[in-house]
Amino acid sequence: MTDDLLPEGLADNLPAQSALLTRAMRAALDAMDAHGYDRVSPPLIEFERSLARRMDGLQTRAMFRFVDPASLRTLALRSDITPQIGRIAATALADRARPLRLCYAGEVTRIAADQLDPVRQRLQVGAELIGADSVAAASEVVLMAIEALEAVGVGELSVDFTLPDLVSTLAQGAFPLSAEQAETVRRELDTKDAGGLKAAGGEAFLPLIHAAGPFEDALAKLRAVDAGGALESRIAGLEQIAQAVGTRARITLDPTERHGFEYQSWFGFTVYAGGSRRALGRGGTYCIQGSNEVATGFSIYLGNALPLLGQEEERSMLFLPADHDRAVARELRAQGWRTVAALSDSDDPQALGCTHRLEGEAPRPL
């Protein structure tokens, strides 16, 4: 029946997928917890205005919105948890010592998918380092993202660095452009269109098209851009972060990459894994609007990692006959057994997925 079809971009996670996602979420959160990141759980819905004001570039039109019958104000279903962490840091945890380390996990949704990611609902897991956007903070966050994915079971990681505010920085100094020209230059750099750059008055930005690829080669090309020293601190910062990552992941650089970096400031990164063309996560430095506090963080989308996690390990299941000893069953569950209790004498243990049957006080293989 068509009434049972799900909307485009939405899907059920059946038992095997749900088990993998739950295990992955716990592993990622445990990795963050081990590094001192405290978990917070913001609500699924907030006032639209509150979500919109915390991050520059966050588009509330990408969110499901509706009127709250209690307050008659517009509510929004979150499309990103990071702004909510910014609100918590700026309000309930405003008096906590900085840097403040927080982590989270929860579902997010958006109205429409895009060509690079057709999913409209996903599990977002991440961490935010509030009160610091230094090279040291960026290094910690990149390593934390790598460690979280390693804990999940994803290998062969690669990290792509970017400089989200690069065009703005150069347009305001070394390569002057009007605001309108700067936006056109960003679009042409997105498509790597040399002719479009020249037509937009951005000929000085042409070398940036080729300053992408393996980290050392791309960094050398970026260093060759004559920007009157405007890029020195950023290049030094990238080198230090790369040094901290070391051999934990392959590193690439695309200094003008903007997709997914709507509110990041001087540094951004995307994490990929061998065997997957979809990004597993993104992060970088940003400013929390309202409190004007700097921060660094990352988000992982575990659904994108599902194809890399293999199959859920088959677990033993113990069938409990209708007349079983409940105290014995309780003790066996405490030891780690999963149990299925018979509701009638006709229940078939094997059809119910059981591998063992309780006989007396001992499990016996079927």
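Two residues are in contact when heavy atoms of theirs lie within 4.5 Å. By that rule, and leaving aside neighbours within four places in sequence, Phe205 is in contact with Val167, Leu170, Ala171, Phe175, Leu177, Val185, Leu189 and Leu197. The model in which these contacts are found is predicted.

The overall frame comes next. The chain has 366 residues, of which 46% count as buried. Its C-alpha trace spans about 85 × 55 × 50 Å along the principal axes. The secondary structure consists of twelve helices and 16 strands. The accessible surface of the chain is about 18600 Å², and carbon and sulfur atoms account for 49% of it.

The chain is divided into domain 1 (1-154 + 285-312), domain 2 (165-257) and domain 3 (317-365). Between the C-alpha centres of domain 2 and domain 3 the distance is 63 Å. Of the contacts between residues at least 6 apart in sequence, 66% join residues at least 24 apart.

In soluble globular proteins, nonpolar side chains tend to be buried together. Here the largest nonpolar core has 74 residues, and those with the most contacts inside it are Met32, Phe161, Phe205, Leu222 and Phe269. Helix H4 (residues 135-152) gives the most to this core, with ten residues. Where does this core lie with respect to domain 1 and domain 2? Both domain 1 (1-154 + 285-312) and domain 2 (165-257) give residues to this core, so the core lies between them. Another core, of 20 residues, lies apart from the largest one. Among the residues of this other core are Met55, Ile88, Leu93 and Tyr263.

Aromatic rings can be followed next. A search of the whole structure finds six aromatic pairs. In one of them, the rings of Phe161 and Phe215 have centres 5.8 Å apart and planes at 80°; the pair is edge-to-face because planes over 60 degrees apart count as such. Phe161 belongs to strand S7 (residues 157-162) and Phe215 to helix H9 (residues 215-223), so that the pair links distant parts of the chain, 54 residues apart. Are these two rings buried or exposed? Phe161 is buried, because its relative accessible area of 0% is under the 20% limit. Phe215 also counts as buried, at 7% relative accessibility.

Phe205, whose contacts opened this account, forms an aromatic pair with Phe175. This pair is edge-to-face, with 5.3 Å from centre to centre and 75° between the planes. Phe175 lies in the loop between helix H5 (166-171) and helix H6 (179-190), and Phe205 in the loop between helix H7 (194-199) and helix H8 (206-210); the pair therefore ties together parts that are 30 residues apart in sequence. Both residues count as buried, Phe175 at 11% relative accessibility and Phe205 at 1%.

Ring pairs also link Phe161, Phe215, Trp266, Phe267 and Phe269 into a cluster. Two of its members, Phe161 and Phe269, are among the residues with the most contacts inside the largest core.

Rings also meet charged groups in this model. The charged end of Arg73 sits over the ring of Phe47, 3.8 Å from the ring centre. Arg122 lies over the face of Tyr301, at 3.7 Å from the centre of that ring.

Technical notes. Residues numbered from 1 in each chain as written. Predicted model: local features only at pLDDT ≥ 70, side-chain atom pairs only at ≥ 80, totals over all residues. Heavy atoms only, no water. Phe/Tyr/Trp six-rings, centres within 6.5 Å; stacked < 30°, edge-to-face > 60°. Helix = DSSP H or I, 4+ residues; strand = E, 2+ residues; numbered from the N terminus. Buried < 20%, exposed > 50% of the residue type's maximum accessible area, 1.4 Å probe, protein only. Lys NZ or Arg CZ within 6 Å of the ring centre and 35° of its normal. Domains from an automatic or database assignment. Areas by Shrake-Rupley, 256 points an atom, 1.4 Å probe, with all protein chains shown as cover. Core = buried A, V, L, I, M, F, W, Y, C linked by side-chain atoms within 4.5 Å.
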